[in-house]
Amino acid sequence: MPDLSRRFLLLLGCLLLSGCAGYRLGSTGGFADGRSIEIHAFHNQTTEPRLTEELSIALRQQVHRDGTLLLETRDRGDILLEGSITQYIRQGLTFQPRDILTVRDFEIQILAKVKARNQNSGEVILDREVAGRTLVRGQIDLTEAERRATPLLMEDLARKITDLLVNEDW
């Protein structure tokens, strides 16, 4: 009887361990897998300052975090990512209970025209508008509240751009 128990435990252990045999670390994107990407600074067509730098930082962090694409510089990337920030929209969501003109919560939305192309063939891989958004609690100093929310806004946009690059079938 003890021999049967050992066999059962061995079989159970093999079944449990074989369930993870096909697991891969990182995203499972098809085209982007094993490729490198070079990210150029986006053009800022809005009146809001510092958006280009914040987006560049967020995109680099997100590509690094995802792990599917290798980050390159100096025209060595297989994919070239560039674009422009086209709109920065601030919209009131909730208002003070006794003052319908004073906004309590804002949604900030950013729109970017994103273009990615294969540097070797020149083929356009991605060409579309992508939106990022975040919520901001209205405070006495709205400028400071927006400044604090900008990294979250750019992180959302960068995540969406990276997801498109590594997961979409072109």
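Two strands count as paired if DSSP finds at least two bridges between them. With that in hand, you can walk through the sheet in this predicted model. In β5, for instance, A116 is the bridge partner of L81. The notes below cover the sheet, then the bent helix α3, the largest pocket and the confidence scores.

**The β4–β5 hairpin**
- β4 spans residues 79-96, and β5 covers residues 99-118.
- These two strands run antiparallel and are joined by 16 bridges.
- Just two residues link β4 to β5 in a hairpin.
- Besides the L81 and A116 pair, you can look for G83, whose bridge partner in β5 is V114.

**The short strands alongside β4**
- β1, at residues 36-39, pairs with β4 in the parallel sense, over three bridges.
- Here L81 turns up again: I39 stands opposite this β4 residue.
- β2 is made of residues 43-44 and also pairs with β4 in the parallel sense, this time over two bridges.
- To find that pairing on screen, start at H43, which has S84 as its bridge partner in β4.

**On to β6**
- β5 is also joined to β6 (residues 124-137), with 13 bridges and the strands running antiparallel.
- Going along this pairing, L111 stands opposite A131 in β6, and I108 stands opposite T134.
- The β5–β6 hairpin has five residues between its strands, and G122 there takes a positive phi near 80°.
- A handy rule when looking at side chains: in a regular strand they alternate between the two faces of the sheet.

**Helix α3**
- α3 takes in residues 142-167, which makes 26 residues.
- From first C-alpha to last, α3 reaches 36 Å, close to the 38 Å expected at 1.5 Å a residue.
- That said, α3 does bend, by about 40° at A149, and the proline P151 follows within four residues.

**The largest pocket**
- Its volume is about 170 Å³.
- Which element gives the most to the lining? That's α3, with four residues.
- The full lining is E48, P49, R50, L51, Y88, T143, E146, R147 and T150.

**How far to trust it**
- The protein chain has a mean pLDDT of 85, with 82% of its residues at 70 or more.
- Among the elements of the chain, β2 has the highest mean pLDDT, at 98, and helix α1 (residues 2-18) the lowest, at 69.
- Over residues 27-31 the pLDDT is below 50, although this stretch has 11 contacts in the model beyond near neighbours in sequence.
- Where pLDDT is low, the predicted coordinates should not be read in detail.

Definitions and conventions:
Residues numbered from 1 in each chain as written. Heavy atoms only, no water. Expected span 1.5 Å × (residues − 1). Bend = angle between axes of the 7 residues up to and from the residue. pLDDT = per-residue confidence, 0-100. Contact = heavy atoms within 4.5 Å. 1 Å grid on protein atoms, 1.4 Å probe; cavity = no way out; pocket = protein on both sides within 12 Å on 5 of 7 lines; lining within 4 Å. Points joined across faces, edges and corners; volume = space filled by probe spheres on them.
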